[in-house]
Amino acid sequence: MTGFQKLIRSNTNRACAIAVLLVFVAGCAAGLRAQASSDWKAVEEAMGRPGQMQPGDVIRFGMPRKDLHVTLDGVSIKAGLALGSWVAFMRGGQSAMAMGDLVLTEEELEPVMRKLQEGGIEITAIHNHLMGETPHVMYMHISGDGDAVKMAHAIHEAIALTKTPGPDAAGAAAAQEPLGIDQKAIEGELGRSGKVNGGILQFGIPRAETITDEGMTIPPTMGVGTAINFQPTGGGKAAITGDFVLLGKEVNPVMKALRDNGIEVTALHSHMLMEEPRLFFMHFWANDDAAKLGKGLRAAVDLTNSKK
């Protein structure tokens, strides 16, 4: 065998070994995902709907309020823009933490609050996110610590008092619809990649600091990352909303940057009670050229200590 033939065989064997290793790693990863999902099966049953696994062994349940027909400034708001109830669970030692944000009508507010507190779930904030929408909707932020299945039962019973729809397969089809705005241009202005979900272009921007709540590290998927949503409104325009997650010293500079770029600030408040460092959540609204709004949002994001 010539030296060249030996080299070829050696490279071939190495390539085969690498391929086998990659298949093994992929299989292990799939197995871990399946195991993680099965670990949360009882919680999914208690919630009455499937959850989506997130990094850090977090399971998140999306509950879009597709039953609500809300308009603002002539825009019919899609659930993914500003009407998405959610709850996430994360294990910590022998117990679990739950956090979430429920979108409620004024009539649903009191009975849901009562049922949650009866089930041991804490209410951490009640407020608006938008201004001038019809009908008016409220947002209830919740938190819990303890047995994940018991908390899921309590949350499920509270949600059953609302008209929140059950799970369906419509979301996957909606995600394939043409977006209607230039996603690449918006991503270029923001300097970040987004994802399309139910006809909404969504961006999640985690903070650079470690966020804790009563000693537990809280990942962005538990609601401590800046969220920005674009809903196409025709002619290259989009309605935008979401919330900036801010330190106290960032609040006024970000508010000014948003307003200087034609973006209305609609709310400023807390979502949690015991987090460190102390966080403030700033909600916003505009309906204008999508790329222009992306540029304005970038000016605000650059004033925060967010991960690049």
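**An open antiparallel sheet and its two packed helices**

In this predicted model, six strands form an open sheet in the order β9-β10-β13-β14-β17-β15, with antiparallel pairing; strands (E, at least two residues) and helices (H or I, at least four) are DSSP runs numbered from the N terminus, and two strands pair if DSSP finds at least two bridges between them. Because β9 (195-197) and β15 (264-269) stand at the edges with a single partner strand each, one side of each is left without a neighbour in the sheet. Neighbouring strands are turned by 20° against each other on average, direction ignored, where axes are lines fitted to C-alpha atoms, for helices over the stretch in contact, and angles run from 0 to 180 degrees between N-to-C directions. At one edge, β15 pairs with β17 (residues 280-289) over five bridges in the antiparallel sense, and Leu268 has Met282 in β17 as its bridge partner.

Helix α7 (residues 183-190) lies across β9, β10 (200-206) and β13 (225-234), at about 20° to β10, contact meaning heavy atoms within 4.5 Å. Helix α9 (residues 290-301) lies across β10, β13, β14 (237-246) and β17, at about 155° to β17.

The two helices pack at an angle of about 20°, with their axes 7 Å apart, and α7 and α9 are therefore roughly parallel to each other (angles under 35 degrees count as roughly parallel). In this contact, residues of α7, including Ile186 and Leu190, meet residues of α9, among them Ala290 and Leu297.

Residues are numbered from 1 along each chain as its sequence is written. Local features need pLDDT of at least 70, side-chain atom pairs count only at pLDDT 80 or more, totals for chains, interfaces and linings use all residues, and side-chain values use heavy atoms, with hydrogens and water left out.

Definitions and conventions
Parallel < 35°, antiparallel > 145°, perpendicular 65-115°, else oblique.
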